[in-house]
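User: I have a structure open and want to know how its descriptive terms are justified. Please take me through them one at a time.

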Amino acid sequence: MWRFSGRRGLCAVQRLSCGAHHKVWRGKSDQACERALQYKVGEKIHGFTVKQVTPVPELFLTAVKLNHDNTGARYLHLAREDKNNLFSVQFRTTPMDSTGVPHVLEHTVLCGSQKYPCRDPFFKMLNRSLSTFMNAFTASDYTMYPFSTQNPKDFQNLLSVYLDATFFPCLRELDFWQEGWRLEHENPSDPQSPLIFKGVVFNEMKGAFTDNERIFSQHLQNKLLPDHTYSVVSGGDPLCIPELTWEQLKEFHATHYHPSNARFFTYGSFPLEQHLKQIHDEALSKFQKMEPSTAVPAQQHWDKPREFHITCGPDSLATDASKQTTVSVSFLLPDITDTFEAFTLNLLSSLLISGPNSPFYKALIESGLGTDFSPDVGYNGYTREAYFNVGLQGIAEKDVKTVREIIDRTIEEVIEKGFEDDRIEALLHKIEIQMKHQSTSFGLALTSYIASCWNHDGDPVELLQMGNHLTKFRQCLKENPKFLQEKVEQYFKNNQHKMTLSMKPDDKYYEKQTQMETEKLAQKVNSLSQADKQQIYQKGLELRTQQSKPQDASCLPALKVSDIEPVMPFTNFDIALAAGDVPVQYCPQPTNGMVYFRAFSSLNTLPEELRPYVPLFCNVLTKLGCGILDYREQAQQIELKTGGMTVSPHVLPDDSQLDTYEQGVLFSSLCLERNLPDMMHLWSEIFNNPCFEEEEHFKVLVKMTAQELSNGIPDSGHLYASLRASKTLTPSGDLKETFSGMDQVRLMKRIAEMTDIKPILRKLPRIKKYLLNCDNMRCSVNATPQQMPQAEKEVENFLRNVGRSKKERKPVRPHIVEKPTHSGPRGSAHVSSSQIIRKLITDPTFKPCQMKTHFVLPFPVNYVGECVRTVPYADPDHASLKILARLMTAKFLHTEIREKGGAYGGGAKLSHSGIFTLYSYRDPNSIETLQSFGKAVDWAKSGKFTQQDIDEAKLSVFSAVDSPVAPSEKGMDHFLYGLSDEMKQAHREQLFAVSHDQLTSVSHKYLGIGKSTHSLAILGPENPKIAKDPSWIVR
Ligand SMILES: [Zn+2]
């Protein structure tokens, strides 16, 4: 994977949201932290020396810093009472060309190592472990290999594989061919077919640069930091990748993947000693110290601003070609290892750009000149020197100058006026929430948070001590009320290292790219001798033979099915009625003093013609003002009092009937305990007195949404393809496509381009009448047990305030099934007296049918989806199909679609709603991929897999089933889907019991042609074969 700096302007502080599973209630002792505090500076442990031991109470952890004596390898351990333990090793990789050498290396080291010489141990471990996360990625200046798991044995196994892969990889020539690039006959077995470029990274990067935002971000970094490694594409420029040689790859490994250039990180509750011993014994003891020459020098400051223009591909859904220009202005900031300055500038950046009260939002977004901020807006701290960037996308070319003037003027105004105190308070409140809100991947969040700073020899522990930074920040503000304004003056106004970058689409962009690729190819092919050609043909065959050989993974460590917990932990909750008859689910959890409130309201009475507008309604409901608050004041209150209030449409499948589903809208929110009354008051105002008058602001929100949806297609094309393919298979599939498929993307695009938006705005109060009342509602609260009585009172108040709709409304669809949820979990202290009754829609006349859709988009890669209607969750076959999907992915589709086909990814999955999906991601093929899907089904029917294969698929399925659940999410399966823990346990037992016979039987019963209804969709470039085939609908 290649991860290019920050996406969508997420800053580091925003990213860090506190995780961990406190098994203990707040206040109880924390063993892991206590134990870590016992280490003494200077203590020697397994070849390491302890350098520093620091408690970080604000994040509930103890940091232990060590150095490896013989190699100088650095080590940071964060002890925390969290079972989801994480390991990562990162190397400073600073390439000086765009051949993508660190990226190809990242892929190739995962293809086999000395101790684990089998092909692709990394992907194989996915099936032999209960990991909660496994990945590798290449950033601009480092490469990181992280994994996490809750099982100690698994941790040791994965650590062993990771250490061997990174320090002792085989780096075979064929691996380089497969993962990097190669010349190969289009059809490898036909020497007459043309030679073309193939390779996983080559295709991945071609796919990555179909994303215009990414093109912009890449150029921005390259041009703002032009002196060293940041001037090249670390992931690889598709036109430069074919310059990379196998020798260069091996050389890069020898000089960069050395302990003296490595930083090791561990996190969680497992003991440190064992990690140190294993890392020393299996890797570090085999090396001697060296001096890595990988440091990035400071960027030379410019003496005057610079300006650049670039081009990109046309917007995939463009209709208004005249408004597709992007422009931004960037400023170089200080070194990120100055952690307090970085903290301050990060906060300053949020004040400048986030939310409707920020100066740049007011000046740029509300100018109406563009659709949304330019990519990577705000503080970017992923390079040695950070930078700030601000601008607009979706503007007319002639407005570039105006946008630049607005940016300069806004900076002047901020220097003059400063920021309101309330906004600073809101931001500090947000940091408090982020430190308390628990995610399930805290270890991963931490390692990503410190990676860049540590990479340049900054102090990662200092970075984590946010409490100190906050205190110092408040102190600075107190001593100097102009503290922030002076920073703006220093870094923005008086900064000559300033760059303007503009980008506009070129209709011939992809054509030109293709032409350059063709020329590159011709140049390579023409220089080949007859002998070279013969060799290429032979190597192509050899690669294919290798890929088709039965694989022996027995050298790899593995967990067994018996290592999986037979019984899952049950969640306690209570259900009580509030305001007469509204069911409320109360789930006591160790939430660190946070309260999570949700409400679900049914859409059953909403007229059909309003349904496509529900996502838009949800999107703007908390953003247009309510009661006496205008939209700015409302945004301010939400930031000051809550951690967010969001609304989203949901289509929830039934567990026992495919043609039955529940439709509704989910209201979600979180806040600190002390702010619960304020948050519930805000909800009351939003329900009772939402404001739908601000036409101009509505327009702004619509444009931003449309732009975001359209920008998201290159990343989520496979999801859009499967949504479309399942549209005609079940009634809920049709509604899902309306809410979140390509239909919705296109609808939003049309609305965004309307000159008169009033008719759309007028639909919102109509939707409100059907939705914002407690006629068909249920609520849930997750909070500490101490907080529950207060929460009960607040929810009761809220529901009494909201009240009922005045007239009785009938459901629009005639067939409604009332279904009580299965509550009263086994092992709970007391069985709830109340129940949640869900009102589901059923369509007894529904007939599934096949549809094949091709969305023609100007991309050089395809996203292919094939969906099959199977059975719902409660059916025993559902468990078999779930295991089968994993089996087909690991044992067949991965080889066919990725290794042989050159796609970035592909596989099979079964959704909760009973739709079996085969898909590919960033795929050079389309029709051929559909044929591979067919072959995968034949393979499944033939039953050519072993008990070992089945056990591996089970492990892999269970690592997802048992992935940690945050305290805020506990009980949600019950609240939303009506699933009790008993039902989940029964399903668990079905998964354990799946046999070879069942797997072949469900393959025959559901997947064969003519058995169940199949449906297909492709997103991708024009395709002559499809165009000629009348069974396809081309859109
Ligand atoms: Zn990659």
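## Reasons behind the terms

Analyst: This is a predicted model. Cys779 has a relative accessible area of 0% and is therefore buried.

User: What makes Cys779 count as buried?

Analyst: The cut-off for buried is under 20% relative accessible area. Cys779 has 0%, so the term buried applies. Cys587 is also given a relative accessible area of 0%, so Cys587 is buried.

User: How many disulfides are there, and how do you know?

Analyst: The count comes to zero disulfides. A disulfide needs two cysteine sulfur atoms within 2.5 Å. For Cys587 the nearest cysteine sulfur is that of Cys779, 15 Å away, so Cys587 is in no disulfide. For Cys779 the nearest cysteine sulfur is that of Cys774, 8.1 Å away, so Cys779 is in no disulfide. In general, a disulfide is a covalent bond between the sulfur atoms of two cysteines.

User: Why are α3 and α9 called roughly perpendicular?

Analyst: Helix α3 (residues 101–108) and helix α9 (residues 246–256) pack at an angle of about 85°, and their axes are 10 Å apart. Angles of 65 to 115 degrees count as roughly perpendicular. The angle of about 85° falls in that range, so the two helices are roughly perpendicular to each other.

User: Which residues of α3 and α9 meet?

Analyst: On the α3 side they are Val101, Pro102, Val104, Leu105 and Thr108. On the α9 side they are Gln248, Leu249, Phe252 and His253.

User: What makes strand β22 mostly covered?

Analyst: Strand β22 spans residues 660–672, and 13 of its 13 residues are buried. In a regular strand the side chains alternate between the two faces of the sheet. One side of β22 holds Thr660, Glu662, Gly664, Leu666, Ser668, Leu670 and Leu672, all buried. The other side holds Tyr661, Gln663, Val665, Phe667, Ser669 and Cys671, also all buried.

User: How do you know which strands β22 pairs with?

Analyst: Two strands pair if at least two bridges are found between them. Strand β20 (residues 594–602) has nine bridges to β22, so the two pair, in the antiparallel sense. Within this pairing Val595 stands opposite Cys671. Strand β21 (residues 645–653) also pairs with β22 over nine bridges in the antiparallel sense, and the bridge partner of Thr646 is Ser668. Six residues lie between β21 and β22, which form a hairpin. Strand β25 (residues 837–842) has two bridges to β22, so the cut-off of at least two is met, and these strands run antiparallel. There, Tyr661 has Ile841 as its bridge partner.

User: Why are β28 and β31 called edge strands?

Analyst: The open sheet has six strands in the order β28-β29-β27-β30-β26-β31, with mixed pairing. The edge strands β28 (905–910) and β31 (1033–1034) each pair on one side only. For β31 the partner is strand β26 (residues 852–856), in the parallel sense over two bridges, with Thr853 opposite Ile1033.

User: Where does β30 fit, and is it covered or not covered?

Analyst: In the strand order, β30 stands between β27 and β26. β26 and β30 pair in the parallel sense over five bridges, with Thr853 opposite Ala1017. Strand β27 (residues 862–869) and β30 pair in the antiparallel sense over six bridges, with Val864 opposite Ile1018. Strand β30 (residues 1014–1020) is mostly covered, with seven of its seven residues buried. His1014, Leu1016, Ile1018 and Gly1020 lie on one side, and Ser1015, Ala1017 and Leu1019 on the other.

User: Which residues touch the most other members of the largest nonpolar core?

Analyst: This core has 136 residues, and those touching the most other members are Phe360, Phe473, Phe597, Trp683, Phe698, Val781 and Leu799. Helix α11 (residues 339–353) gives the largest share, nine residues. A second, separate core has 106 residues, including Val109, Ala283, Trp302 and Tyr509.

User: What is Phe597 in contact with?

Analyst: Leaving aside neighbours within four places in sequence, the contacts of Phe597 include Phe667, Met679, Trp683, Cys779, Val781 and Phe798. Contact here means heavy atoms within 4.5 Å.

Notes: Residues numbered from 1 in each chain as written. Predicted model: local features only at pLDDT ≥ 70, side-chain atom pairs only at ≥ 80, totals over all residues. Heavy atoms only, no water. Buried < 20%, exposed > 50% of the residue type's maximum accessible area, 1.4 Å probe, protein only. Helix = DSSP H or I, 4+ residues; strand = E, 2+ residues; numbered from the N terminus. Core = buried A, V, L, I, M, F, W, Y, C linked by side-chain atoms within 4.5 Å. Axes fitted to C-alpha atoms, helices over the stretch in contact; angles between N-to-C directions. Parallel < 35°, antiparallel > 145°, perpendicular 65-115°, else oblique.
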